[in-house]
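Work through the two exercises below with the sequence and the model open. Each solution goes step by step.

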Amino acid sequence: MPITHTQSSTRAFLLLVSLSYSHARSTLAAQRQRNPLPTIALLKPGIRGPCPSASLKTHAPELVRITRANAIQLGQSAASSSPISISGLSHLFRRGNPIQSGRRKFLRRASEGAADPPIRIGWDIHRMEENGLPLTIGGIEVPFEKGTVAHSDGDVLYHSLTDAILGAIGMPDIGQLFPDNDPRWKGAASHVFMSEAHRLMTERGYQIGNVDITLILQKPKVKDIKPAMAENIVKLLKTHPSRVNIKARTHENVDSVGEVRALACHAVVLLEKV
């Protein structure tokens, strides 16, 4: 069957497209050989920034070429979708750069088999009554018309902080270790619980990285005794004063705390491997 003029033109057009595509691929391959592009590891949980793939082959096997899209994700501005060279990201890999410092720290911790630093929250609340126990907060007895209702001394600060430490080392909560139906802890001073939590923490090779306390109570005001409470925490946990912070706020006259029928405390603890 004879080939028509239309068929001939179509074949010529397809041949031209094929040759153009092959030429484009060859040109791109040659450019990559002359100026090879680096690779980076896909960001995965535990990896805090872009890292050279050679250092992370065992941690992140999925590798991708750096393109303008990747650069945008890394906070770099870009104008097109064409590949870019490492020069545009060179500042990320200079010594002293925060990302580089984080990379070195991650690789060191990964090689040691270390997990992320444990950070946990503790919380406690106690009722307040006129015939309650002496009001004790952070190991300080506070003169006030009401006291706490509790099995031990009802120190909400020590209780919440103890729970945060126990949680950070994977231990049961304070209610399981020191149950309120055990007569041994009837009226016990809460620094005993804190000391035991500190012992368990050091046994596991940790020390205090940071302690942040938020007391929530309508009355009494604790502004003047916060330094004394912080000093008690520093002594019990054998840490530095700069690592302990205590804040206090009211409950805006809302609910039991705001109506001075209770007081509460939140504690956040960050531990460090010794």
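Two strands pair if DSSP finds at least two bridges between them. Helices (H or I, at least four residues) and strands (E, at least two) are DSSP runs, numbered from the N terminus. The model is predicted: local features need pLDDT of at least 70, side-chain atom pairs count only at pLDDT 80 or more, and totals for chains, interfaces and linings use all residues. Residues are numbered from 1 along each chain as its sequence is written, and side-chain values use heavy atoms, with hydrogens and water left out.

**Exercise 1.** Give the strand order of the open sheet and explain its edges.

Step 1. The order is β6-β3-β9-β7-β8, five strands with mixed pairing.
Step 2. β6 (147-149) and β8 (244-249) each have a single partner strand, so one side of each lacks a neighbour in the sheet.
Step 3. Take one pair. β3 (residues 119-129) and β9 (residues 262-273) run antiparallel, joined over nine bridges. Ile125 stands opposite Ala264 in β9.

**Exercise 2.** Place Asp173 and decide: is this residue buried, partly exposed or exposed?

Step 1. Find the loop between α4 and α5 (174-177); Asp173 lies there.
Step 2. Apply the cut-offs: buried is under 20% relative accessible area, exposed is over 50%, partly exposed is in between (1.4 Å probe, protein chains only). Asp173 has 37% relative accessibility, so Asp173 is partly exposed.
Step 3. List contacts (heavy atoms within 4.5 Å). Leaving out residues up to four places away in sequence, Asp173 touches Asp163 and Leu166.
Step 4. Check a distance. The C-alpha atoms of Asp173 and Gly122 are 9.3 Å apart, with their positions 51 residues apart along the chain.
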